[in-house]
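Please work through the exercises below with the sequence and the model at hand. Each task is followed by a solution in steps.

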Number of protein chains: 2
Amino acid sequence: MIAVAERINGMFKDVKKAIQKKDAAVIQDLARKQTEAGAKFLDCNVGTAAADQQSAMQWLVEAIQSAVKTPIALDSQKIDVIKAGLAVCKNEVMINSCKADEDQLDKYMPLAVQHNASLVALTINAQGVPQNIDTRVEIAATIVSKAMEHGLPMDKLYIDPIILPVNCDQKQPDYLLQVMRQVKLLCDPPPHLIVGLSNISQGTSQRELINRVFLVMAMGAGLDAAILDVFDTEMMDDAITSDMLLNRMIYSDSFLKAARM
Amino acid sequence: MIAVAERINGMFKDVKKAIQKKDAAVIQDLARKQTEAGAKFLDCNVGTAAADQQSAMQWLVEAIQSAVKTPIALDSQKIDVIKAGLAVCKNEVMINSCKADEDQLDKYMPLAVQHNASLVALTINAQGVPQNIDTRVEIAATIVSKAMEHGLPMDKLYIDPIILPVNCDQKQPDYLLQVMRQVKLLCDPPPHLIVGLSNISQGTSQRELINRVFLVMAMGAGLDAAILDVFDTEMMDDAITSDMLLNRMIYSDSFLKAARM
């Protein structure tokens, strides 16, 4: 599982404060610890910490890069903030995220290709977030065909079918599993699948349990990547065990340790 | 998830001793505690505890029935031991198990129909345990068509696609998930799917972790039932959470508690 670590986000108080005070040590500490905990990408989101999001994003990226070489996932809904981040990124990078309207895809995909970046594309279009299986798969198919048109290789494309909280509509988690299986059949090789995991458990009484059980079920249905809390050791153990059971890593008696080396 | 509790089995020392000494209290205590822990069936296996397995099975069944009304899964490879158990079973009952050779199915299925019993049929035939996807699904299709021929309804049929230990052949767990999805498409309504869960982790260093992660992935792929250790609270929590995420039980903040009531 490609773990995209969620913690460097201006929505968290310590990160917000660090951005405002330009306290790089806080960010660097999170960057190092998340990397040690198994992060393959460090999500990097300014949130509401700064009026000038572009320079705040650049400061965040530079703070992270001076501590670790872990790839960064530039997380913003504004393309100018993404572009500002791309301008200073030295290593492998992910753009998180764009919607699936054609004009959006026509802007973000060439940008991703130009920077050899991965791109997270949400199955959201002008009509909003689809609540059913078929529309999500249709939008995913649009994303895939646009990627082919723009020369974005499938191993750089991450489709996010949009998790909704289980306590809002209990049919949605199973729909998501079915969407994932179908998206994996759209082409060969298929695109990656990614989710923002913690949304599944919003407002519930058992957030960690629900997060990790859905993660495992989704991995069985084809999920490759998730934006999540890499400090949740039990969940990371479950994800590693899923990878091992799906034959993505070799079993040894110390497979949990081996996966973290 | 239909939990078939594995503990009343002569392979365990305390149960073996209880059978030999006709100490019903030990068996009844296990029957009560497994029922409280969420067992929907109590597996009942004489093991090597007695030379006369038929009368030992009858003693076990009667001991259990005097303590709880939980349905019993009569577990033996010998049809005469199954028949002895059926003769004294008062409640709903499961026959565990038969192989998929035609002559076997032609013996066990009428027996199940006659006693209104559920039947576990293994995807094993005269050629042995298949190691690939297609042969397992082919054998499952034979089982399903035989059930239709004998008038055994699909909700009484439990197909066991045979788990092999992950450290023997790491391709097998994912094969199993694919088999499960395909078996669920064989007919509508489909047969139940069951596994003897602990086999997945035989000889590994992380038995409980591997058991519960595979259980969750398998439930996402259509697994309905498993023979397992209902005293493993973490695993039972995961199974309940899977049921909730698959919309098989209603979410409430106390869903873990509600599932155990």
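The exercises that follow concern a predicted model, and they treat an interface, a helix and several salt bridges.

**Exercise 1. Describe the contact between chain B and chain A.**

Solution.
- Step 1: Count the residues. Chain B contributes 37 residues to the contact, and chain A contributes 37 residues.
- Step 2: Consider the area. About 2900 Å² is buried between the two chains, with 64% of it from carbon and sulfur atoms.
- Step 3: Consider polar links. Twelve residue pairs of chain B and chain A are in polar contact, while the number of salt bridges across this interface is zero.
- Step 4: Assign the side of chain B that touches chain A to elements. Helices H7 (172–183), H8 (207–220), H9 (233–245) and H10 (255–259) of chain B each give two or more residues. The largest share, eight residues, belongs to H8(B).
- Step 5: Classify the residues of that side of chain B: 19 are nonpolar, ten polar and eight charged.

**Exercise 2. Determine whether the span of helix H3 of chain B agrees or disagrees with its residue count.**

Solution.
- Step 1: Helix H3 of chain B covers residues 53–65, which is 13 residues.
- Step 2: The expected span takes 1.5 Å times one less than the number of residues, so this helix should span 18 Å.
- Step 3: The end C-alpha atoms are 18 Å apart, in agreement with that expectation.
- Step 4: Examine the N-terminal end. B:Asp52 caps H3(B) there, with a side-chain oxygen 3.2 Å from the backbone nitrogen of B:Gln54.
- Step 5: Examine the packing. The buried residues of H3(B), among them B:Trp59, B:Leu60 and B:Ile64, pack against helices H1, H2 and H4 and strands E2 and E3 of chain B.

**Exercise 3. Compare the settings of three salt bridges in chain B.**

Solution.
- Step 1: B:Lys33 and B:Asp29 form a salt bridge at 3.1 Å, N to O. They are four residues apart in helix H2 of chain B, and therefore about one helical turn separates them. B:Lys33 is partly exposed at 43% relative accessible area, and B:Asp29 is partly exposed at 34%.
- Step 2: B:Arg212 pairs with B:Asp238, with the closest N and O atoms 3.8 Å apart. This pair links helix H8 to helix H9 of chain B across 26 residues. Both B:Arg212 and B:Asp238 are buried.
- Step 3: B:Arg260 pairs with B:Asp237 at 2.8 Å between the closest N and O atoms. B:Arg260 lies in the segment after H10 and B:Asp237 in helix H9 of chain B, so the pair ties together parts 23 residues apart in sequence. B:Arg260 is partly exposed at 33%, whereas B:Asp237 has 18% relative accessibility and therefore counts as buried.

Methods
Residues are numbered from 1 along each chain as its sequence is written. Chains are lettered from A and ligands numbered from 1 in the order in which they are written. This is a predicted model: local features need pLDDT of at least 70, side-chain atom pairs count only at pLDDT 80 or more; totals for chains, interfaces and linings use all residues. Side-chain values use heavy atoms; hydrogens and water are left out. Contact means heavy atoms within 4.5 Å. Buried area is the accessible area (1.4 Å probe) that two parts lose on being put together, summed over both. A salt bridge is a side-chain nitrogen of Lys or Arg within 4 Å of a carboxyl oxygen of Asp or Glu. A polar contact is a pair of N or O atoms within 3.5 Å; within protein, one must be able to donate a hydrogen and the other to accept it, and residues adjacent in sequence count only if both atoms are side-chain atoms. Ala, Val, Leu, Ile, Met, Phe, Trp, Tyr, Cys and Pro count as nonpolar, Asp, Glu, Lys and Arg as charged, and the others, Gly among them, as polar. Buried means under 20% relative accessible area, exposed over 50%, partly exposed in between (1.4 Å probe, protein chains only).
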